[in-house]
Each structure stands twice: as C-alpha cells, then as structure tokens.
Amino acid sequence: MALFFVLGCIFFPLSFTVLCWGLQSHSNLRMERAEAVSVASKLVSSVQAVMASTAGYIVSTSCKHVIDDQHWLSSAYTQFAVPYFIYDIYAMFLCHWHKHQVKGHGGDEGGPRAPGSTWAVARGYLHKEFLMVLHHAVMVLVCFPLSVVWRQGKGDFFLGCLLMAEVSTPFVCLGKILIQYKQQHTLLHKVNGALMLISFLCCRVLLFPYLYWAYGRHAGLPLLAVPRAIPAHINLGAALLLAPQLYWFFLICRGACRLFWPRGSRPPSPCQTQD
C-alpha cells in the first residue's frame, strides 16, 4: 500500500508543474506565472476532488454492511490522497506569494524584497488561510493515522461517504477562477454558485446526520439515540470535522445572498468568502 503514497507524492506536484507549464506555454493562453499558478492549483484540487468522490462512491456503494464490509480502494485512496494535502499547503502559499508580488508589496520599482518580507508573506498567508492549513494538517496528522491504523479495516462505508464530501470542491474552484477573470456577472457564475451551495450543503453539512442515520439503521436505533449509543470520542471527532464545514457554509450562504439579491451594482461571489 505504500506504493499509493509514493504515487501521490509524484502525481500531485507533477500535475501542478505540468499544468503551470502548459498554461504559460500554450499559444492561445500565454498566462503570466502568477495567473498560471492560481489556475493550476485549482485544477489540481478539482482533479483530486473528482478522484476522491469517485473512490468514495465506489467504496460506499460496494459496502452493504456499514461496519464489516471492506473495499481495497478505501485504504489505497486514503494513502494516495495524503500527499495532496501536503502539496496543497505549499500550492496555496505559492498562490498567496504571487498575489503578494502582483499587488506590489515587494521592493520598490520591482526591486528586491526587504529583509524579512518572506516571513511577512508567510505570516500573512497563515493569517488568511489558517483554518484551511489547520484542516489540511489535521487530515495528515490525525485523520490519516486513524483511518489506516485505528479503524483496523472497519467502517469502509463511512470512509467512502466522507471521501464524497469533495463533490463541492470543483464548484468552489470554478467560482474562484471566474472571479479571477472578473466573470461575477455571468450566468455561469450564478449557476455555479447555486450548485456549490447545494453540493456543499448535501455533501459536507448533511453528510454527518446521514452517517448517524446509516449507523442507526444498521444498529436498529432511531437517529436521536445514536449519539448516546456510540463512544464519546467518535461524537467529538464528528463535531470537530463538522465545525469548519458549518463555518464555511455560513460564508457561502452569506455570499450567495449577496449574489442573488445584490444591494449594489457589483454583487460579491459566494466563492469570494473562501478565496
């Protein structure tokens, strides 16, 4: 299984590098470096989301017994995806770094940066993306060891469902790309915003009540009795995973209200709250 981890270490950075090169070199695109980095990072995130969602669907639909049934793809894709979270922390920093340069926060007249400016950019990045960096770090340092070691082959159905939470990611990424190209006024942006809102609600927020319901159906318990019937640490883990999803969903809803019921002539995007 370590092979899948190695493949992930190669696939995600290589995909990012190839996409950056292609976006800058293609005769019809000729993007600047900063632009290419931003678009490439979102394309890689979308590819990972499609793969994770597909793997999750295969695993969850193949496991009829929610506790004991196993599927090789659950462990394999988990190990393949771990390098993505490490890579994505770097990719997000690279996007922030280039955005910092484009906005002219470097040295005067494009000259060298002042001493300590790299650290200032890093601090700004951590301040802006703290929740996302924390989320990625928890995925690598906590969720990965738990899913591979602590589960001992149990609960592949639930892991498959959790992988399907990535369904909303391509819509988030497309929204950010449309914002980058000042396309907030288009029908595509509005349709994408609606799809992002619905997919995020179903696959990241309502996912957790569904998992409790699925276990309750297996154990012959009503939904409200499930939290009292399972260990406290499982309830705690679910609450910690759900909390950032609720926060992000609140931001998406606030942006969606501004998009569909604008007060001014330039309604913000539902994706701007996560950009």
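This is a guided tour of the structure above, stop by stop, with something to select at each one. Keep in mind throughout that the model is predicted.

**Stop 1: helix α8**

Start by selecting residues 187-205, which make up helix α8. If you put a distance label on its end C-alpha atoms, you will find them 26 Å apart. That agrees with the 27 Å that 19 residues should span at 1.5 Å a residue.

Now colour the buried positions of this helix: H189, N192, G193, M196, S199, F200, C203, R204 and V205. As you look down the axis, remember that an α-helix has 3.6 residues a turn, so residues three or four places apart point the same way. What do the buried residues of α8 pack against? Show α7 (169-180), α9 (207-219) and α11 (232-260), and you have the partners.

For a closer look, pick N192, which sits in helix α8. N192 counts as buried because its relative accessibility is 3%, under the 20% limit. Leaving aside residues up to four places away in sequence, N192 touches F171, L174 and G175.

**Stop 2: a salt bridge from α8**

Stay on the helix and select R204 together with E166. Their side chains meet in a salt bridge, with N and O 3.8 Å apart. The pair links distant parts of the chain: R204 belongs to helix α8, E166 to the loop between α6 and α7, and 38 residues separate them. Both ends are out of the solvent's reach in the sense used here, as R204 is buried and so is E166.

**Stop 3: the other salt bridges**

How many salt bridges does the structure hold? There are 3, and R204 with E166 is one of them. As background, side chains of opposite charge can pair when their charged atoms come close.

Next select R151 and D156. The closest N and O atoms of this salt bridge are 2.7 Å apart, and both residues are buried.

Then move to D68 and K154, whose side chains meet in a salt bridge at 3.0 Å, N to O. D68 lies in the loop between α2 and α3 (72-102), while K154 lies in the loop between α5 (130-150) and α6 (156-163), so the pair ties together parts that are 86 residues apart in sequence. Turn on the surface here: D68 counts as partly exposed at 39% relative accessibility, and K154 is partly exposed too, at 42%.

**Stop 4: the largest pocket**

Keep α5 in view and switch to a pocket display. The largest pocket holds about 1,600 Å³ of space. Of its 46 lining residues, the closest to the centre are C143, L159, L162, G237 and L241, so these make a handy selection for centring the camera. The elements that give two or more residues to the lining are α2, α3, α5, α6, α9, α10 (226-229) and α11. Which element supplies the largest share of the lining? That is α5, with 11 residues.

**Stop 5: the cysteines**

Select the cysteine sulfurs next. A disulfide is a covalent bond between the sulfur atoms of two cysteines. A search of the whole structure finds 0 of them. C202 is in no disulfide, and the nearest cysteine sulfur, in C203, is 6.0 Å away. C202 counts as partly exposed, with 43% relative accessibility.

Why is C257 unbonded to C253? The sulfur in C253 is the closest cysteine sulfur to that of C257, but at 6.7 Å it is too far for a bond. C257 is partly exposed as well, at 42% relative accessibility.

**Stop 6: two loop residues with positive phi**

Bring up a Ramachandran plot if your viewer has one. Most residues other than glycine have a negative phi, and most peptide bonds are trans. R30 is not a glycine, yet its phi is positive, about 50°. You will find R30 in the loop between α1 (2-25) and α2 (33-62), where it is exposed with a relative accessible area of 54%.

K182 is another non-glycine residue with a positive phi, near 55°. K182 is placed in the loop between α7 and α8. With a relative accessible area of 55%, K182 is exposed.

**Last stop: V6 and V82**

Finish on helix α1, where V6 is placed. V6 counts as partly exposed at 43% relative accessibility. Draw a line from its C-alpha to that of V82: the two residues are 76 apart in sequence and 10.0 Å apart in space.

How values were computed
Residues numbered from 1 in each chain as written. Predicted model: local features only at pLDDT ≥ 70, side-chain atom pairs only at ≥ 80, totals over all residues. Heavy atoms only, no water. Helix = DSSP H or I, 4+ residues; strand = E, 2+ residues; numbered from the N terminus. Expected span 1.5 Å × (residues − 1). Buried < 20%, exposed > 50% of the residue type's maximum accessible area, 1.4 Å probe, protein only. Contact = heavy atoms within 4.5 Å. Disulfide = S-S within 2.5 Å. Salt bridge = Lys/Arg side-chain N within 4 Å of Asp/Glu carboxyl O. 1 Å grid on protein atoms, 1.4 Å probe; cavity = no way out; pocket = protein on both sides within 12 Å on 5 of 7 lines; lining within 4 Å. Points joined across faces, edges and corners; volume = space filled by probe spheres on them.
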